[in-house]
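User: Please take me through this structure. Keep the answers short and reasoned.

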Amino acid sequence: MRILPTAVFAITAVLSLSSGSAVDLETATEKSCASSTSCSTCLRKSGCTWHESLGYCEKGCGMNGCGATKCASEITTCRDCLNVNSPAYGQYSWSVGKCFPSCANAPADAACYPGRYVEGAMKTYESSD
């Protein structure tokens, strides 16, 4: 394996910042996101995204894809609730004219449509726009 001198210099420069401030800041932001236990507390923090099905908050996009950048209670259209190209990123469910965190939270006697990332959901809500 050949290591390019530019890559080695870049890694060395980042790690040698005064008292590791870049590394410390990244870790602090990740910990701040991970400490959130609800969508609203998660999204109040800069750079955090919410994964409803996991009940997890993380910085940006990670191993589980991208989380929502808006809570279900703030979304007013079916398209925005279910579409992966919306702030909800396909994390929620739609029923009786309202966006819900999941179909488990929707009325039991009404149809409920899960978003793209809900287990067993079809990918019919994706859009090219």
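The questions below go from the whole chain to a sheet and then to a single loop residue.

User: How many helices and strands are in the protein chain?
Analyst: This is a predicted model. Along the sequence the protein chain reads α-α-α-β-β-β-β-α-β-β-β. The totals are four helices and seven strands.

User: What percentage of the residues of the protein chain count as buried?
Analyst: A residue is buried when its relative accessible area is under 20%. The protein chain has 129 residues. Its accessible surface is about 8200 Å², and carbon and sulfur atoms hold 58% of that. The buried share of the residues is 27%.

User: In which order do the three strands of the open sheet lie?
Analyst: The pairing in this sheet is antiparallel. β6 and β7 are the edge strands, each pairing on one side only. The order is β6-β5-β7.

User: Which residue in β6 stands opposite S93?
Analyst: Strand β5 covers residues 93–95. Three bridges join β5 and β6 in the antiparallel sense. Opposite S93 in β6 stands F100.

User: Where does A104 lie?
Analyst: β6 spans 98–100 and β7 spans 113–114. A104 belongs to the loop between β6 and β7.

User: Is A104 buried or exposed?
Analyst: The cut-off for exposed is over 50% relative accessible area. A104 has 73% relative accessibility, so A104 counts as exposed.

User: What is the C-alpha to C-alpha distance between A104 and S93?
Analyst: S93 stands opposite F100, while A104 is in the loop after β6 and before β7. In sequence, A104 and S93 are 11 residues apart. In space, C-alpha to C-alpha, they are apart by 9.2 Å.

Conventions: Residues numbered from 1 in each chain as written. Predicted model: local features only at pLDDT ≥ 70, side-chain atom pairs only at ≥ 80, totals over all residues. Heavy atoms only, no water. Helix = DSSP H or I, 4+ residues; strand = E, 2+ residues; numbered from the N terminus. Buried < 20%, exposed > 50% of the residue type's maximum accessible area, 1.4 Å probe, protein only. Areas by Shrake-Rupley, 256 points an atom, 1.4 Å probe, with all protein chains shown as cover. Pairing = 2+ DSSP bridges.
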